Amino acid sequence: MKTRESLYLSQGLDYYKATMGQVEFDKNRDTIVTFELKNRGANKLSEYVTPEQLLARLDKLKDGWTPEEIAYLAGLTNQDGGPRFTAEYLDFLVDNPLPPVEVGIDEEGELGVATTGAWPLVTFWETVVMSELNELFFANKLAAEGSSLEELYAEGDRRLAEKIAILKNRLDIKFSDFGTRRRFSYDWQRHVIERIATELPDNFMGTSNIFLAHELGLRPIGTYAHEMPMVYGALEQMKGNDPLDGHHTMLRDWDETHRGDLSTALTDTWTTDYFFTDFTPEQAEAWNGLRHDSGDPFEFGEKVIAFYEQHDIDPTAHTIVYSDGLDIDMIVALADRFKDRVKLVFGWGTTLTNDLGVRANNFVMKATKVARPEAPEVSQCTVKLSDTEGKHMGNPEDVELYTRNVARAIALGARAYQLDVAERTETQELVAA
């Protein structure tokens, strides 16, 4: 019997997992995906967290969504006034537990976490594992060091007050909380959001944390992450096609499912240069904006404006969402640089919800492998070619393939490449029919 203790998976679930899940359910519900933890920071996670501790917390959440939580999702609407999520998808969520999670210690003595299952279900573990792991890590670290939580919170509040003081005089700066995954704790994230919602009502747009959005009456914020094109690319590769075709297909499926809403495109899954080769002028006009998540943010802004202007599109009618490693100084500098040239929104993460004078963690939980349900033992690795080289992901052979195909696409030029993709897509669909 299901225990139904979720509370939106113990307050660690981000809304974008649900918006992606709807597309995954509609288009690839039986696809098998593996998510794995990768620590790319200086803190060693296993120093303060054991596999048994993390598993004990995750085990309480394995039953998945509760009917009350599904009722909240059912009440959310799209820009056309229709339901954001389909009844079939919501029934699927409430009827199914989440896939099992494996936690251990790897060959380097670091914590290893992996989970494999149907894509529309396994996706929910990402932000939950990360937020639970962070909470355990910092609680155990403070206990081991004998540090005072009260003193730490006082320092966090002092730093938060400085940010608030700056933003009170910058009503042009609009931002959302993107800090669930790497927060210090749920209690601290809630405290931060309550303060900024009260003290910065004209700046603050909402939160990615679906439980806090529900509890505090805030707007839930989220679109899609790298996992969408990464998995779509692997699926195309498994069919013997160019994996880059997955980007085109994924954008089409996203737009079809969400009916033109939530139209902020993430640009750096396989480099932003490739994105602008594949993204058509028609899409640029129709989609609300673009999200930056790696590489130089100022160069990105100039590139976006130039792209819009090249296609006679007004940049001020579109939005750049900055979400990569932001701090208050960078937010202000970007707002000053692009004021009145393009709309800006900031997805503020770690330095909003984990700025208390302790070194934050830097780990990710990414979709790494894809398999078909009829042959789950045969998997294809995913690839990410970030604008920051250290963020590349994938095995060397696949990274080389993607890199070569990206170079070819860029060399062809946008229009020639788009026509080539359209022709190949049409041929593939005719063969499938």
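How many aromatic pairs does a search of the whole structure find? The search finds 26 aromatic pairs, where rings of Phe, Tyr and Trp (its six-membered ring) pair if their centres lie within 6.5 Å, and planes under 30 degrees apart count as stacked, over 60 as edge-to-face and the rest as tilted. The model is predicted: local features need pLDDT of at least 70 and side-chain atom pairs count only at pLDDT 80 or more, while totals for chains, interfaces and linings use all residues. Residues are numbered from 1 along each chain as its sequence is written, and side-chain values use heavy atoms, with hydrogens and water left out.

**Aromatic contacts**

One of the pairs joins Trp-119 and Tyr-232 in an edge-to-face arrangement, 6.1 Å centre to centre with 65 degrees between the planes. Trp-119 belongs to helix α6 (residues 119-122) and Tyr-232 to helix α11 (residues 227-238), so the pair ties together parts that are 113 residues apart in sequence. Helices (H or I, at least four residues) and strands (E, at least two) are DSSP runs, numbered from the N terminus. Trp-119 is buried at 0% relative accessibility, and Tyr-232 is buried at 4%; buried means under 20% relative accessible area, exposed over 50%, and partly exposed in between (1.4 Å probe, protein chains only).

Elsewhere, Tyr-48, Phe-137, Phe-138, Tyr-153, Phe-184 and Trp-188 form one aromatic cluster. The ring of Phe-25 has the charged end of Arg-29 over it, 3.8 Å from the ring centre; the criterion is NZ of Lys or CZ of Arg within 6 Å of the ring centre and within 35 degrees of the ring normal.

**Helix α4**

In helix α4 (residues 67-74), the buried residues are Glu-69, Ile-70, Tyr-72 and Leu-73. They cover an arc of only 155 degrees around the axis, which puts them on the same side of α4; the arc is that of the directions from the helix axis to the C-beta atoms. An α-helix has 3.6 residues a turn, so residues three or four places apart point the same way.

**Second largest pocket**

The second largest pocket holds about 560 Å³ of space. A pocket is an open set of points on a 1 Å grid over the protein atoms alone, where a 1.4 Å probe fits, with protein on both sides within 12 Å along at least five of seven lines; lining residues have an atom within 4 Å of a point. Grid points are joined across faces, edges and corners, and the volume is the space filled by probe spheres set on the points. Of the 24 lining residues, Glu-36, Leu-37, Lys-38, Asn-39 and Asp-106 are the closest to the pocket centre. Strands β1 (32-39), β3 (111-118) and β10 (363-372) are the elements that give two or more residues to this lining.

**Backbone and accessibility**

Most residues other than glycine have a negative phi. Arg-259 and Thr-271 are set out below with their positive phi values.

| Residue | Phi | Loop | Relative accessible area |
|---|---|---|---|
| Arg-259 | about 55 degrees | between α12 (245-258) and β6 (264-266) | 36%, partly exposed |
| Thr-271 | near 80 degrees | between β6 and α13 (272-278) | 17%, buried |

**Distances along and across the chain**

Gly-112, in strand β3, is partly exposed at 22% relative accessible area. Its C-alpha atom is 8.3 Å from that of Pro-51, with the two positions 61 residues apart in sequence numbering. Tyr-402, in helix α18 (residues 396-412), is buried at 0% relative accessibility. The C-alpha atoms of Tyr-402 and Leu-352 are separated by 35 Å, and these residues are 50 residues apart along the chain.
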